[in-house]
There are 2 protein chains.
Amino acid sequence: MRALIAIDWGTSSLRGARLSVTGQVLESREFARGILTVPPGQFEAVFNELFGDWMAAPHALCLISGMAGSRQGWQEAPYCPCPAGFAELGQHLLWLQADRIALVPGLSCMNPDTLNTPDVMRGEEVQLFGALQLAERNTATLVLPGTHSKWVQVEHGRVTRFSTFMTGEVYALLSQHSILGKTLDLNGTFDETAFLQGVDQSQQAGSVLNKVFAVRTLGLFERLSAAVLPSYLSGLLIGEELRHQNVPPAQGPVILIGSDALTLRYTLALRHLGIACQSRGAEATWAGLHALATKLTNKP
Amino acid sequence: MRALIAIDWGTSSLRGARLSVTGQVLESREFARGILTVPPGQFEAVFNELFGDWMAAPHALCLISGMAGSRQGWQEAPYCPCPAGFAELGQHLLWLQADRIALVPGLSCMNPDTLNTPDVMRGEEVQLFGALQLAERNTATLVLPGTHSKWVQVEHGRVTRFSTFMTGEVYALLSQHSILGKTLDLNGTFDETAFLQGVDQSQQAGSVLNKVFAVRTLGLFERLSAAVLPSYLSGLLIGEELRHQNVPPAQGPVILIGSDALTLRYTLALRHLGIACQSRGAEATWAGLHALATKLTNKP
C-alpha cells in the first residue's frame, strides 16, 4: 500500500488530504479553487502549485474525485454506469499520469420508474462508499443532502440506483429570488417547530407548487413570523423530498452524509416521519478514496 | 345603469376600458404603470392623469380591480372571505370617492385539505365572474394560469375554494437562474412533442423536485435538444399542477382564462389527460366589472 494524496475537487471548493497507509489523515488543505475558478488548460498548474510538495514523495499516488472529472474540469472521465461498486469504479479510473494521478469517474443510472430518465453524480460515489466502509455495511439507503440532494440505493456493495432532487437549489431560488422573499426574513435562526410544521404540511395531499405559496399567505395572515418562515419553507421542501421515498426498514438506518447543519435537518425530518438514520461528515470522502486506493494496490 | 370606467391595475401593468351601458368596450388604454411603478401617495394623481378625461363624464362610475387594492397599492381593500359571489364582492367594495370610484376587494379562503392554509387572489375574482357570465354558467372549475396560477371552484355563483400554484414563477426561476439554465436554450420555439413528453413524465410516481433534474440529464445524454428543453420543463411543471386536480367531469368543461400563449399550453395538457376545457381572454375582466356595476346599480 502506497501513501495516498486524496483530492475532492468540486464546483466551488478544492479539498485535499495526505493519508497514511492505514487511512489516517496526516494533513489536510482546503482552497476556494473550485473548477469554476480554473481556466481551461490550467488544472495541472493549479494542482502542482497547491499539492506539488505532497506529490514529491516517492511513489505518491493521487486520486481525484468530484467535478474535476466533468466536461468543464481537468479532463472528462466518462460516467461509470450502474449497477457499480468499487470494482467498476477502479476499472473506470481515468489516469492523467500513469500509475500516479487518476480521476475517479462519476456514476450514471437509468431510472425505470421515471420513463428511463438518466441520472448522474460526481464525487458523491466516493463519499457513499466511504460512509459504507465506516459503517461496515454493504446494503443501505444513503442520502447526500445539498444543492442537488442524492438518494442512493446500495445492495451488496453496489449502487443499484439513485435519484437527484433539486431541493437545495429550489430553496435558494424561492427564498432569495421569488415573491416569497418579500415575506420571509433570511436572518432568522433555525426554528424546529416551524420546520416540522412544514414537514407535516408536505405530507398532505396536493402539489408542492401550491404548498410553497403558503409561505406568503401564512406571513400575510400573521400565522407565522418572517423569522421562522425560512425554516417552514425548508421543512416543506425537505418533506416533499422524503415523501416520495420508499425506505425498506429491514435495511437498517438510513445513512446521511453531509455538513452538520444539513444532516441535522434531515435527521429531524426523517425521525419525525419514523425513519431511523445516522450521519457521516467529510471523513467519508477520505475513507472512500483510501478504500479505493487499497483495492487498486491489492489487485493481483 | 351608468357608464362604467373599468380598471385592472396589476403589479406590472395598468389597463382601463370605457364601457357602454350594455358592457361594450368603447375605448381601451394600457400603460406600463403597474403599482410597483407608483410611489406611495401618488395613486390618485396617476389615475387622474391617465383617466381624468373619462371620469369627467357626468355620473361616471369607476371600479378598479387588481393589486391597486393591496397593501402596496392605492389603499388596502381587505380580502372578502369565501364562499363569496357577486353579492359579497359588492358589499366589500372599498369606496375611494363615494358612489364614484371603488376598489374591488380580492378573495381569501382557508383550505381544509392543506391544514387550513390561507390562500388569496386579487383581480382574478373579477375575471372569473366575467368568464362565468360570458359562458352563462354558475358552477365550474376555472383556471387562471400565470406566474401564480389559480384553480377555482365555483358552485351556484359563489367561489367555494381556490388554490394558488407557483408554476409560472418556478418555471422562470428554474429556466433562468438554476443549473438547468446551462442545458436549455430559451430562444427555442414551443415544441408540442417535448411539452407532452414533460406532461407524461409529470404523471409518473415521484417528486417534481427530482423530475426537473431530468432537464439537465436529458440534455447531457443528448436525448432532447437544448431548443426543446424549455417546452419539456414547461410540460413537467404544468403537468405537476394538473396532476393534483380533481375535476368533477359532470360540471362541464374547465374554463381557462388568460393569454393565448398560456391557455394553449394548458389546453394541450388538459386534453392530453382527457379533460375538456374552453378558453377566455382579457374580455373576461371587462365583463366581470360590468356585471358587478350592473348589480350595484340595480340594487334596491
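Is A:Arg29 buried or exposed? In this predicted model, A:Arg29 is buried, with a relative accessible area of 19%, a value that falls under the 20% limit for that class. The residue is a useful point of entry to the charged pairs of the structure.

The side chain of A:Arg29 forms a salt bridge with that of A:Asp53, at 2.6 Å from N to O. A:Arg29 belongs to strand E3 of chain A (residues 25–31) and A:Asp53 to helix H1 of chain A (residues 43–55), so the bridge ties together parts that are 24 residues apart in sequence. In contrast to its buried partner, A:Asp53 is partly exposed, at 48% relative accessibility.

A second salt bridge joins the side chains of A:Glu88 and A:Arg158, with an N to O distance of 2.7 Å. Here A:Glu88 comes from helix H2 of chain A (residues 86–91), while A:Arg158 comes from strand E12 of chain A (residues 158–165); the pair therefore links parts that lie 70 residues apart in sequence. In this case the acidic residue is the buried one, A:Glu88 having a relative accessible area of 17%, whereas A:Arg158 is partly exposed at 35%.

A third pair lies within a single helix. The side chains of A:Glu240 and A:Arg243 meet in a salt bridge at 3.5 Å, N to O. Both residues are in helix H8 of chain A (residues 229–243), and because they are 3 residues apart, about one helical turn separates them. A:Glu240 is buried, with a relative accessible area of 2%, and A:Arg243 is partly exposed, with 25%. Some bridges also share partners: A:Arg18, A:Glu27, A:Arg29 and A:Asp53 are joined in this way into one network. Over all chains, the count comes to 14 salt bridges.

Attention may now turn to an uncharged residue, A:Ser175, which is placed in helix H4 of chain A (residues 167–177). A:Ser175 counts as buried, at 3% relative accessibility. Its side chain reaches the backbone oxygen of A:Tyr171 at 2.7 Å. When residues up to four places away in sequence are set aside, A:Ser175 touches A:Gly181, A:Leu184, A:Leu186 and A:Leu233.

The remaining topic is the contact of chain B with chain A. What does each chain bring to this contact? Chain B gives 48 residues and chain A gives 48 residues. Between them the two chains bury about 4200 Å², of which 68% is on carbon and sulfur atoms. B:Met166, B:Leu209 and B:Phe213 supply 16% of the area that chain B buries against chain A, more than any other three residues.

How many salt bridges are counted between chain B and chain A? The count is 0, although 16 residue pairs across the two chains are in polar contact. On the side of chain B that touches chain A, the elements giving two or more residues include strands E8 (107–111), E9 (117–121) and E12 (158–165), together with helices H4 (167–177) and H8 (229–243) of chain B. The largest share of that side, 6 residues, comes from H4(B). By class, the side of chain B that touches chain A holds 22 nonpolar, 17 polar and 9 charged residues.

Terms used:
Residues are numbered from 1 along each chain as its sequence is written. Chains are lettered from A and ligands numbered from 1 in the order in which they are written. This is a predicted model: local features need pLDDT of at least 70, side-chain atom pairs count only at pLDDT 80 or more; totals for chains, interfaces and linings use all residues. Side-chain values use heavy atoms; hydrogens and water are left out. A salt bridge is a side-chain nitrogen of Lys or Arg within 4 Å of a carboxyl oxygen of Asp or Glu. Helices (H or I, at least four residues) and strands (E, at least two) are DSSP runs, numbered from the N terminus. Buried means under 20% relative accessible area, exposed over 50%, partly exposed in between (1.4 Å probe, protein chains only). A polar contact is a pair of N or O atoms within 3.5 Å; within protein, one must be able to donate a hydrogen and the other to accept it, and residues adjacent in sequence count only if both atoms are side-chain atoms. Contact means heavy atoms within 4.5 Å. Buried area is the accessible area (1.4 Å probe) that two parts lose on being put together, summed over both. Ala, Val, Leu, Ile, Met, Phe, Trp, Tyr, Cys and Pro count as nonpolar, Asp, Glu, Lys and Arg as charged, and the others, Gly among them, as polar.
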